[in-house]
Amino acid sequence: MKQHIAELVSASIEILKAEGVLPQELEPRIMVENTKDKAHGDFASNIALTMAKAAKCAPRQLAEKLCDKLPKSDNISNVTIAGPGFINFFITSASSFAVVGEVLAAGAGYGLAEPASAERVQVEFVSANPTGPLHVGHGRGAAYGASVADLLQAAGYDVQREYYVNDAGRQMNILAASVWLRYLERCGLTLTFPSNGYKGEYVYDIADQLFKAHGEQFSRPLEQVFADIPADEPEGGDKELHIDALIDRCLELLGEADYRIVFDAGLDGIRDDIRDDLAGFGVKFQEWFSERSLAESNQDEKSSIERALDKLQQKGHLFEEGGNIWFRSTAFGDDKDRVVKRANGQTTYFASDIAYHMNKFERGFDRVINVWGADHHGYITRVKAALEALGIDPERLVVRLVQFAILYRGEERVQMSTRSGSFVTLRDLRSEVGNDAARFFYVTRKSEQHMDFDLELAKSQSKDNPVYYIQYAHARVCSVMRKLQENGWSWDQQRGLDNLQLLDTDYEKDLMTSLAKYPELLKNAAEAYEPHVISHYLKDLASDFHTYYNANKMLIEDAPLRDARLALSQAVRQVLANGLGLLGVSAPELM
């Protein structure tokens, strides 16, 4: 309806241009908004106020001229002017009713946009280090990223979902050393585990699988393992130096080939567990991109990292200082320059980031959306600086920060630390509150806002639990349809649509107004990357339906009115199901 009104206003403007009232070059942006007070109509436009200066005409006088030239429309019953020049539009009852038929005709497609362009969008999210199972903090990024991707796809974009597997670097080497030391214990050796190693039960599981597959192939005498290793922190030493020395010793004693087997045992075991966990959470990816692949090269082609650094060098954005190679990121707004290659020849994590983002745009994505934890805020400027230096418009990269969810059991906050092994996993959360509650609760607030996850509320069956309240509204409609059959009646959809004029209560009018808002709200939520807008809309729609249901009997003897009410109820049920689906939440028929 907003589009229709905008077209009417546009036609009026063209007539005034032709009459010389408005300048020919005027191309105003026509805004049509829902009114907050129905006494001011259903929709309003401030077009007269925004054009007044260019038209050299008082806003209210211009509004009168626009209204005089508005084409007639069967959808508009009245047009008025309010205040300094707002134009208010009242729509006909028939137009209000039309949304019910539109929803029922479109079904699961109601609100979805046709692919409007060939714009390819990549959403990269979760991307947690494969050094342990996902915890409840990662779950929020998973739920948010998946919902953003689904919203964008619903809005007509070609969307790819990607997980960046950090399968290189120091943390993965710490995991490999941790697995090896637990493997040595499995071989019957007694040792003091490093304070900075990964201590979760999952490390024992990986070590056990390694032992079952390879026996004692990787076992080495403890005197060789710990000879001349710097003291650990409990013994008054440095835990970082201690674990780094153990990593070097592991590689030295095993050799590159066997070390890779141990390394991959940890990587593959945890990555596969993460993949399975996310799939169980309803989150799937088209691509699991390996960080390690960025450093791989062959005789015919340099690695992605080498190509990225070469390109920066050719453009004059690298310099050498102190034996290191630096990227002059201060030239692009960063607060300091960044090392991309150390004096020992090793490239930095940032160099991998540069190569990875160059790779994304080389793959043809028009827009790239990174969903990062809030602790990565400082990376945004430097990554955008690198893109600009490479000749890529940094505005094509969108970064959304997600605050980790904080889990509470009663009054006690649960502490989480991957390396210590003391944390609540996403799988634990899903088992306790269910996928639906977890997916919904995670997206009830803006991603950058802190979130306390209330376990007891998520499990409650009350109107205070929003996901239960919404699902119950959907199930309620399904229950009514079952009772209809039990009474020996059937629903005549066409008779219901033909008698929508019988729906004259404020409850029914409000529901139809809410249904009509859904397509635009979905589009706006997608463009703003804000799935919480959908969650709030669904809660309001469910609340309106529960109020309507409690005030009006559905299964009455009057068949035309009964079918009309059922048509409206079915339309509400469909939109609830559509919206819940975009959030990864089921729409049960029984509760």
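Helix H19 buries His 532, Ile 534, Ser 535, Tyr 537, Leu 538, Leu 541, Ala 542, Phe 545, His 546 and Tyr 548. This description rests on a predicted model, and the buried residues of H19 pack in it against five helices, namely H5 (136-154), H14 (435-442), H16 (466-486), H18 (506-528) and H20 (559-582). An α-helix has 3.6 residues a turn, so residues three or four places apart point the same way. H19 covers residues 532-551, and because each of its 20 residues should add 1.5 Å, a span of 28 Å is expected, with which the 29 Å between its end C-alpha atoms agrees.

H20, one of the helices against which the buried residues of H19 pack, has 24 residues and reaches 34 Å from its first C-alpha to its last, close to the 34 Å expected at 1.5 Å a residue. Of these 24 residues 21 are buried, so H20 is largely enclosed by the rest of the structure. Just after H20 comes Gly 584, whose phi is positive, at about 75 degrees.

Positive phi values also occur outside glycine. Most residues other than glycine have a negative phi. Ser 127, which is not a glycine, nevertheless has a positive phi of about 45 degrees; Ser 127 sits in the loop between strand S5 (120-124) and H5, and it counts as buried because its relative accessibility, 13%, falls under 20%. Asp 228 likewise takes a positive phi, near 60 degrees, and belongs to the loop between helix H8 (222-226) and H9. Is Asp 228 buried or exposed? With a relative accessible area of 78%, Asp 228 is exposed.

The helix that follows this loop, H9 (residues 239-280), has a partner in helix H13 (residues 426-433): their axes come within 10 Å and cross at roughly 25 degrees. Because angles under 35 degrees count as roughly parallel, H9 and H13 are roughly parallel to each other, and their crossing is left-handed. On the H9 side the contact involves Asp 273, Asp 276, Asp 277, Leu 278 and Gly 280, which meet Leu 426, Arg 427 and Arg 430 of H13.

Turning to the strands, an open sheet is formed by three of them in the order S8-S9-S10, with antiparallel pairing. Strand S8 (318-321) and strand S10 (338-341) stand at the edges, and since each has a single partner strand, one side of each is left without a neighbour in the sheet. From one strand to the next the twist averages 45 degrees. Between strand S9 (residues 324-327) and S10 the antiparallel pairing extends over three bridges, and Ile 325 has Lys 341 in S10 as its bridge partner. Helix H10 (residues 304-314) lies across S8, S9 and S10 and runs at about 95 degrees to S8, while helix H11 (residues 349-362) also packs on the sheet, where it touches S9 and S10 and makes an angle of about 80 degrees with the direction of S10.

A parallel pairing is found between strand S13 (residues 405-409) and S15, which are joined over four bridges. Here Leu 407 stands opposite Phe 453 in S15. Which side chains of strand S15 (residues 451-454) are buried? The side chains alternate along S15, with Met 451 and Phe 453 pointing to one face and buried, whereas Asp 452 and Asp 454 point to the other face and are not buried. The residue opposite Leu 407, Phe 453, thus belongs to the buried face of S15.

Terms used: Residues are numbered from 1 along each chain as its sequence is written. This is a predicted model: local features need pLDDT of at least 70, side-chain atom pairs count only at pLDDT 80 or more; totals for chains, interfaces and linings use all residues. Side-chain values use heavy atoms; hydrogens and water are left out. Helices (H or I, at least four residues) and strands (E, at least two) are DSSP runs, numbered from the N terminus. The expected span of a helix is 1.5 Å times one less than its number of residues. Buried means under 20% relative accessible area, exposed over 50%, partly exposed in between (1.4 Å probe, protein chains only). Contact means heavy atoms within 4.5 Å. Two strands pair if DSSP finds at least two bridges between them. Axes are lines fitted to C-alpha atoms, for helices over the stretch in contact, and angles run from 0 to 180 degrees between N-to-C directions. Angles under 35 degrees count as roughly parallel, over 145 as roughly antiparallel, 65 to 115 as roughly perpendicular and the rest as oblique. A crossing is left-handed if the near helix is turned anticlockwise from the far one by less than a right angle, and right-handed if clockwise.
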